[in-house]
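Me: Please take a close look at the aromatic side chains in this structure and how they pair.

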Amino acid sequence: MTRRLVAVLTIVMGIITVPAAIAQDAERRVAELRLRGAYDEAIATARRAGLHNALGELLVLTGRPDEAGRAFAAAIAERRSDSLTAHLNLAILRYDRGERETARRSFDGFIDRYNSGRRLSSSELSAVATAVQYLSVYDPQLAHDALRAYDAAVRADPENLEPRLRLGELFLRRYNGTDARQTFDEILASQPDHPEALLGMARTLRFEGSRRAVELVKQSLERNPNLVAARVFLAELLIELERYDEAAREIAHALDISPISLAALSVRAAIAYLRGDETRFTQTTRRVLTLNPTYADLYVTLAEVSARNRLYGQAARFAQDGVRLDSVAWRAYALLGINQLRNGAMGSGRANLETAFAGDPFDVWTKNTLDLLDTLERYPETTSRRFRFYIDGSESELLTLYVAPLAEAAYDSLSARYRYSPTTPIRIEIYPDHADFSVRTVGLVGLGALGVSFGPVVAMDSPSARRRGEFNWGSTLWHEIAHTFHLGLTNHRVPRWLTEGLAVYEERRARPGWGDDLTPAYLTAYKQEQLLPVSRLNDGFMRPAYPQQISFSYYEASLVCESIEEEFGLDAILGLLHAYRDGLDTPAAFRRVLGMEITEFDERFDRWFRRRFAGQLAAIVVRDSSSATRRTRTGIVDRARRNPGEFLAQLAMGQMLLRDDRPDEALEYLERAKRLFPEYAGPDSPYWLLSRIHKQRGRMARAAAELEAFTRINERSYEAYVELAEMQLALHDEEGALEALDRAIYVHPSEPGLHNRLAELAERLGRTAMALRERRAVLALDPVDRAEALYQLARVHLLAGDRDAARRAVLRALEEAPVFEKAQDLLLEIVEGR
């Protein structure tokens, strides 16, 4: 039975003698020197004052464990007020050497000290809490006892920041970002430049997904440039940006301070692995395991870094090494399970997540994922030649009609283009609840993305997960399948900016209107120098400096890919992918394939962009948005008349005239705006407004032409597709109407009327396969008149020459409505062979 903390304790203040006061002065001086990283001076001061425990802690920080052990032993022998803390430090030292059972016995003794009834100081209570926290790996409920002991330590001496720091770290280890933030905030309120509190807050911000993590860890290092943990954390953040050279410099600095830092050595091994430096990787991992043969966190670090760099298969293998090394490495079990799921190994992934959660029931990522798996198990499986689809049962029958052929078309197109065929079957999961998709991707709700590709597994939002018009699910699916190709072709080593850029570029190539397009906001950001050069484009994805930077980075990356293909050919794109597969980083890849430094390419791309969009750049004028004058009627008129070459001025004037019911006058300004910026197809675009005017004036052909141009740019306007189809029908262009309605499905496929109209059109035009698809879609939407829907399906089967299918469908119709005359007549026709 696990022993728990039971005693209720108070603090006793002793009488301070003069020697004790002198010692306290030395302690304060050592603490101050330690806080700002002056470790050598702090060590000298501690030696002179005989502060053995403080000396031992400093020796640990500077990588001298043997000396530290002797110092802790001396502190224990002296039986001073910090002897219990020295006991803890000696146990941690043994734990970090791999002497797990010896350390565990020592930690267990702290429970006896707590339960003995002896009054403990704040520092002693903090030591008890830390010891119990180490024991909680064997019994997770002990984490609650650790929390109680830290709280008691804080109450015992509110000025002692040590237990607050450890409490914040405990919250973070238990996935409680809210309380961790509050705890570190309390420390920083009293000591704004406390380096460890700044580091704790930086870690909390990273947990929450905030881009301010880098800023805070740098502040921590300004206060203490020798804080090894901060150097290691900054290196991890730099690895996420794929800035391996900078990360390596941070680790080198950390190891100069503490050559045996297991955390720093683990990150060094991760950098070596990502760089393909097998010699250094092997040397470093051996060094770590020599220092501590049970250090599973080596493999946890390697797995986490691999997963963040999209190396999901290797992440699972590293995590497997971790659980082999340490049977209670719960984080390793969780990483193993999560990454097995990402590779489609659903059974083993679930089993390892269940093991992880049993050992660490505070792991919210694991808990959320296990809950999701319960939901996912209820999704029916449907298949095509190269894909397996898992879609909620309420939507599976409908969506599979469109998802399967689109996925197969994407595979055919991309395999021909990239001269590569990913291993099949590819697993595609489509979620009607965005929160479920978010959990599948990152283990938490709140992810803003629409889809994700892990390579052999793709997950995405269903069209029902978002409001109509928020996204085009067809282009999203194509985008994610493109990632599967880029990941496979490079052994998952393609950088984020390139795979995202290529995926958006492939969207634009796939269908008219799909993919991101140029916007006034993008050009404004360009003119304000808010866009990143190609050499730093990854930062825009991983650490955006402002909310729109991610979307701007997607579009910029797609233009980079377009410019490379235009100027160097498709072989250059393939060459870059092969270079990354071979382990090259971006500068080396550009030197090999394009024959230039990445900084040279920065300038070349900028020139290409200025040439490509010269007219649009000239039409965007950056002005002070705070001026109220320009928003008045007089200001709008004056600006438009004075600036005939300014897009927004002409658009604003046209819109104002339309609001005034002066459409004929608005035409001039809207036409000019369209010529100045033909790529703009927002909801207030000239195309849309001109279409309104022409329709009102009875100029249906011109209205349809404007709306057609609008839909060739804007992929998400369901209303535009439907209205265009109506216009095309009025113009007797049934082929055009058919195409518009078919494109609308990839925005919103759940409208029965859309499918009925499309079925009728397809039938009239002899598109029997499409008519069959649409009649099946109507049935999948569970129509009120199910007998009629089945009858219509039977008719189309008969038109297609499939009498057996027609007979089955019409019999089902008659089961629904036995006296349905049209169905009876059709059955007779089928039976008689007419």
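Reply: This is a predicted model. One of its aromatic residues, Tyr 420, has a relative accessible area of 22%, which is not under the 20% cut-off for buried, so Tyr 420 counts as partly exposed. Its partner Phe 485 has a relative accessible area of 1% and is therefore buried. The two ring centres lie 6.2 Å apart and the planes meet at 80°, so Tyr 420 and Phe 485 form an edge-to-face pair. This contact links distant parts of the chain, 65 residues apart: Tyr 420 belongs to the loop between α22 (396-418) and β3 (426-431), and Phe 485 to helix α24 (residues 473-489).

The count of aromatic pairs comes to 35. Among them is Tyr 312 with Phe 454, which is edge-to-face because the planes stand at 90°, with 5.2 Å between the ring centres. Tyr 312 is in helix α18 (residues 312-325) and Phe 454 is in the loop between β4 (451-453) and β5 (457-461), so this pair ties together parts 142 residues apart in sequence. Tyr 312 is buried, at 8% relative accessibility, and Phe 454 is buried too, at 2%.

Elsewhere, one aromatic cluster includes Trp 497, Tyr 522, Tyr 526, Phe 590, Trp 608 and Phe 613.

Some rings also have a charge over them. The charged end of Arg 692 sits over the ring of Trp 688, at 4.8 Å from the ring centre. Arg 493 lies over the face of Tyr 273, and here the distance to the ring centre is 5.4 Å.

Methods: Residues numbered from 1 in each chain as written. Predicted model: local features only at pLDDT ≥ 70, side-chain atom pairs only at ≥ 80, totals over all residues. Heavy atoms only, no water. Phe/Tyr/Trp six-rings, centres within 6.5 Å; stacked < 30°, edge-to-face > 60°. Helix = DSSP H or I, 4+ residues; strand = E, 2+ residues; numbered from the N terminus. Buried < 20%, exposed > 50% of the residue type's maximum accessible area, 1.4 Å probe, protein only. Lys NZ or Arg CZ within 6 Å of the ring centre and 35° of its normal.
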